[in-house]
Each structure stands twice: as structure tokens, then as C-alpha cells.
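Me: Before I plan any work at the bench, I would like to go through this model piece by piece, with the reasoning spelled out.

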Amino acid sequence: MKKIRVYVAGASGKMGQEVIRTILKEEDLLLVGASDTRHQGMDVGFVVGAPRVGIDITGPLEIENLRSSRADVLVDFTNPQSVLKNSKTAIMAGVVPIIGTTGLDEAEIGEIRTLVEKEKTGAFLAPNFSIGAILMMRFARESAKYFPNVDIIEMHHDQKLDAPSGTALKTVEGILEVREPMVQGHPNEYEKIQGARGADIAGIHIHSVRLPGLIAHQEVIFGGLGQALTIRHDAFSRETYMPGVMLSIRKSSELTELVIGLDNFLD
Ligand SMILES: NC(=O)C1=CN([C@@H]2O[C@H](COP(=O)(O)OP(=O)(O)OC[C@H]3O[C@@H](n4cnc5c(N)ncnc54)[C@H](OP(=O)(O)O)[C@@H]3O)[C@@H](O)[C@H]2O)C=CC1
Ligand SMILES: O=C(O)C1=N[C@H](C(=O)O)C[C@H](O)C1
């Protein structure tokens, strides 16, 4: 069996470690490289609490390392400052980036799309790899057809860099496919303290909570006449993302364009 060769950027991080532990258990996947600013020179197995793997963590991602690994895909769980450069590096090396890192803006995603087209390779980006979160977004899109008034509360651990979360933004994107931009709340409302009503996208307010103890949680709250509908998803551990990440690795190695969203790979 020809194995899919996987390189992981952000290998020492919370998601990177979980991804590596999972890849090491999959028979059709082969870990061929690991990069991170932390634990440089250490065997990646020891970093993730597994036996020795024979692959050292190489430091920030370099095109030479990626090329010499002969990777098919690069899984990126780094940070909003590194992900664009890493994705471009992968595409230039002929490696399909699987981008889990959030925080890319529209212009940056456009840059990736342009480079993918120029280099005739593929790329995959998913703000959320959890099936429950995908369903939450799908149900929210459906509900917005009947309940146009909606607020989002997203809650994450306090080490998260970007706000609002990629999932909240993707949820809004889906809702705006079926709901026109509108003003929510009283037209004359005002904030006594700046930010009290959260971030406003086309009238949908996003409130970002950051607290220790949390992992990743989101409520999409719809208000209607005499009723409210709340759709909630909770990630209680990072294992929740693994089936989606593994599916994406298997589906992405043959991509020839930029694809956004795990729902593209679900039946
Ligand atoms: N799509 C999804 O389903 C999910 C997405 N995420 C996203 O994934 C990203 C990572 O999350 P998380 O694992 O919690 O974050 P962590 O901070 O735990 O891990 C990120 C790691 O990447 C390292 N890093 C930074 N720059 C580079 C670089 N250029 N090359 C290699 N490694 C680098 C960091 O090092 P240092 O600390 O020294 O900077 C750190 O060790 C976030 O954007 C988060 O929002 C998270 C969960 C699910
Ligand atoms: O930083 C995280 O942890 C997460 N980030 C993603 C996001 O911004 O939506 C996905 C998930 O919420 C966990």
C-alpha cells in the first residue's frame, strides 16, 4: 500500500501533538517531518508522549526540509502569523497544505488561491474539523431562514490568539447565504462601554469569551416571536477534530484547487 506522506507544522502545539499521535496509529499515513519553534532537535515521538519515531523537530518550516521529506501534504496548526508563509511554502514545494490554523483574512486566502492556480496544485482550509461543529453550522444556516435575528457566543481557552474564532466567522458566512444584512436590536441602541454588543457583521453580533478551562464551544442563539432557539456545540477534547483531520489528509492529497470547509468531504 502506498502511504500518504504527511508533514506537520506546529508539531509541539496542542493540535499538532494530537495530530501526530493520531497519524502514528494510522496504517495508510506516514509521518515524514515535523516543524515547530519549540522542542527543536527533539524526537517528535518523545514530544507527543509516544515511543521514538526517528524524526526530529526542525524549527520553523523551511522549504528545503519540506522538499527533502517528499511529503504529499502539510498539516498546519501554527498561528495566524505563520500560516500564510507556511501555506505558500508548501504550494511552492508541490505539497498540498491542509490548513487548520485560523485567522487568515480574505486577502490572504485570495493569495493562497492565486498561488494554487499558478502552481497547479491543491490546498485545503477548514476553520473547524469537528463533525459536530459542521452540523451546528449547517443547522444554523437552515434556522436563519426562519429566524433572521441571531447572536453568536463563541467560547475558547485563554491561549487562543485570534478573535472572533474562525468557526464563528464561518457560521456567519453560512447564515448570510440565506439572510439579508439587517439591523438587529433597537435602531437607536448605543454602547455605554465600547464592545458591549460584540463584533457586528451585517447585524449578527459575535461575542468572544476567553477563559482557562474551556476548549472550544459555540452557541448560535436565534430569537423569534415568543421563542428562542439555541444551537450549541462543545469540544471537550481535541480528539474531536481528529476524524476530520484524517479524512482531510486522505481527500486532499489529490486536490487540484483550493477547497474550503470540511463539509466538502462529507456525504
Ligand atoms: N481548524 C480546526 O478545527 C482547529 C483549528 N485550531 C487552530 O489551530 C491553530 C493552532 O492551535 P493550537 O494547537 O491550540 O495552538 P498552539 O499555540 O498550542 O500551537 C501552535 C504551535 O505552532 C508553533 N509555531 C508557530 N510558528 C511556527 C512556524 N512558523 N512553524 C512551525 N511551528 C510554528 C508554535 O510555537 P510558538 O508557541 O513558539 O509560537 C506552537 O508550538 C490556531 O490557529 C487555532 O485556532 C485549533 C483547533 C481546531
Ligand atoms: O483555537 C482553537 O482552539 C480553535 N480554533 C478554531 C476556531 O477559531 O474556530 C476551531 C475551534 O474552535 C478551536
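**Domains, sheets and ligand shells**

Me: Which residues does the UniProt annotation "domain: Dihydrodipicolinate reductase N-terminal" cover?
Reply: The model is a predicted one, and the annotation itself comes from an unreviewed UniProt entry. The span it marks is 36% helix and 19% strand, with its end C-alpha atoms 19 Å apart. The residues covered by the annotation are 4-129.

Me: What separation do the centres of domain 1 and domain 2 have?
Reply: The domain assignment gives domain 1 as two stretches, 4-125 and 239-265, and domain 2 as 131-236. In contact across the boundary are 9 residues of domain 1 and 8 residues of domain 2, and the touching side of domain 1 is made up of 3 nonpolar, 5 polar and 1 charged residues. Taken over C-alpha atoms, the centres are separated by 29 Å.

Me: Which are the edge strands of the open sheet of 6 strands?
Reply: The pairing in this sheet is parallel, and its strand order is 2-1-3-4-5-11. Within the sheet, strand 3 (residues 73-76) pairs with strand 4 (residues 96-99) over 4 bridges, and D76 stands opposite I99 of strand 4. The strands that pair on one side only, and thus sit at the edges, are strand 2 (29-35) and strand 11 (258-260).

Me: What is the order of the strands in the open sheet of 5 strands?
Reply: Here the pairing is mixed, as can be followed from strand 6 (residues 149-156), which runs parallel to strand 8 (residues 204-210) with 6 bridges joining them, while strand 6 and strand 9 pair in the antiparallel sense over 8 bridges. The edge positions belong to strand 7 (199-201) and strand 10 (227-235), and the twist from one strand to the next averages 20°. The order is 7-8-6-9-10.

Me: Which residue in strand 9 does D151 stand opposite?
Reply: D151 has H205 as its bridge partner in strand 8, where the strands concerned run parallel. Its counterpart in strand 9 belongs to an antiparallel pairing of strand 6 and strand 9, and that residue is I221.

Me: Which residue in the turn of the hairpin of strand 9 and strand 10 has a positive phi?
Reply: Strand 9 and strand 10 run antiparallel and are joined by 9 bridges, one bridge partner pair being F222 with L229 in strand 10. Between the two strands lie 2 residues, and the one with a positive phi, of about 65°, is G226.

Me: What angle does the direction of helix 7 make with that of strand 6?
Reply: Helix 6 (residues 131-144) lies across strand 6, strand 9 (216-224) and strand 10, and runs at about 165° to strand 10. Helix 7 (residues 166-175) also packs on the sheet, where it touches strand 6, strand 7, strand 8 and strand 9. Its direction makes an angle with that of strand 6 of about 160°.

Me: Which helix gives the largest share of the shell around ligand 1?
Reply: The shell has 9 nonpolar, 15 polar and 4 charged residues. Of the 28 residues around ligand 1, those that come nearest are G10, G13, M15, T37 and S82. The largest share, 3 residues, comes from residues 14-23, that is, helix 1.

Me: How many charged residues does the shell around ligand 2 have?
Reply: The residues around ligand 2 are T102, P127, N128, H156, K160, S165, G166, T167 and A216. By class they divide into 2 nonpolar and 6 polar residues, and the number of charged residues is 1.

Note on methods. Residues are numbered from 1 along each chain as its sequence is written. Chains are lettered from A and ligands numbered from 1 in the order in which they are written. This is a predicted model: local features need pLDDT of at least 70, side-chain atom pairs count only at pLDDT 80 or more; totals for chains, interfaces and linings use all residues. UniProt positions are given in the numbering used here, feature names are shortened, and annotations may be inferred rather than shown by experiment. A residue is near a molecule or strand if its C-beta atom, placed from the backbone, lies within 6 Å of it. Ala, Val, Leu, Ile, Met, Phe, Trp, Tyr, Cys and Pro count as nonpolar, Asp, Glu, Lys and Arg as charged, and the others, Gly among them, as polar. Two strands pair if DSSP finds at least two bridges between them. Axes are lines fitted to C-alpha atoms, for helices over the stretch in contact, and angles run from 0 to 180 degrees between N-to-C directions. Two residues are in contact if their C-beta atoms, placed from the backbone, lie within 7 Å. Domain bounds come from an automatic or database domain assignment.
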